[in-house]
Amino acid sequence: MAAAMANGPRPKRSLLFVWHIGEEKGLWGSEHFTSNPTVPIGNIVAQLNIDMIGRSKQPGYTDPPQYKLVEPGEVFVVGPDISSTELGKIVGDVAARTGNLKINPFYDTVAPTDTRDNLGPQPNGQRIFYRSDHYNFARMGIPVAFYTTGLHTDYHRVTDHPDKVDYKSMLLITKNIASVGWVVANAATRPKLNAKLPDQLVNDMKTAKDAGWGTLTPIERK
């Protein structure tokens, strides 16, 4: 990355790469980062989350009840319809010209509809929007896009072997994410939040604000 920036064009905005831990324990890592960020939280214009992008339906695979896995060359993107349709437009435009990746909005909802997150459990569905690290950034008023290929029968099991990974699709998805990051980093304006946000998100945003989230992490300089 450093060599590429030294020898090629640089984005107008910085790109910050964060590896979170403790997601399965309750989004611990992303909560710590957003409550104690290393950069001013207001300077973060968008967050692109990656969680489980390695699998797709292969011959002979059948989705079990309540689980849904993408087809090869497809990805679920969660968050733009909920938090920022402007960011969603960037995601869609990039997908159309970067390998023609199919964007599936099946989980981009906070409540089941006739066509989205309607596999159960009832009445709330899988509530994927609230279940990965992007959500703590959404709580800080940051537009989010969460890329995932979905849940499968090996989810949280030792049978989730690397030979089951669809590396071709994973490469396509990561190229798209990198391209979206580049576009956002060079855009003249930051993507706007939707005027109407879910009640739970609004309440959680207030809770984070009242708790003083976003205080810059002190860095000791010698």
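**Pockets and nonpolar cores in a predicted model**

1. The second largest pocket has a lining of 21 residues, and those nearest its centre are Glu23, Asp51, Met52, Leu151 and Tyr155. This is a predicted model, and in it the second largest pocket holds about 300 Å³ of space. By class, its lining residues divide into 8 nonpolar, 7 polar and 6 charged.

2. The largest pocket has a volume of about 1,100 Å³. Its lining is made up of 31 residues, and the closest to the centre are Leu15, Leu16, Phe17, Val18 and Leu48. When the lining of this largest pocket is sorted by class, 19 residues are nonpolar, 8 are polar and 4 are charged.

3. As for the elements around the largest pocket, β1 (47-50) and α6 (167-186) each contribute at least two residues to the lining, and the largest share, 7 residues, is that of α6.

4. Turning to the interior, the largest nonpolar core has 21 residues, of which Val78, Tyr107, Phe129, Tyr135, Ala138 and Leu201 touch the most other members. Two or more residues of this core come from each of β2 (74-78), α5 (134-138) and β4 (144-148), with α5 giving the largest share, 3 residues.

5. Leu201 deserves a look of its own: leaving aside residues up to four places away in sequence, Leu201 touches Phe129, Tyr135, Ala138 and Arg139. Separate from the core described above is a second one of 18 residues, with Ala46, Ala145, Tyr147 and Val180 among them.

How values were computed:
Residues numbered from 1 in each chain as written. Predicted model: local features only at pLDDT ≥ 70, side-chain atom pairs only at ≥ 80, totals over all residues. Heavy atoms only, no water. 1 Å grid on protein atoms, 1.4 Å probe; cavity = no way out; pocket = protein on both sides within 12 Å on 5 of 7 lines; lining within 4 Å. Points joined across faces, edges and corners; volume = space filled by probe spheres on them. Helix = DSSP H or I, 4+ residues; strand = E, 2+ residues; numbered from the N terminus. Nonpolar A, V, L, I, M, F, W, Y, C, P; charged D, E, K, R; others polar. Core = buried A, V, L, I, M, F, W, Y, C linked by side-chain atoms within 4.5 Å. Buried < 20%, exposed > 50% of the residue type's maximum accessible area, 1.4 Å probe, protein only. Contact = heavy atoms within 4.5 Å.
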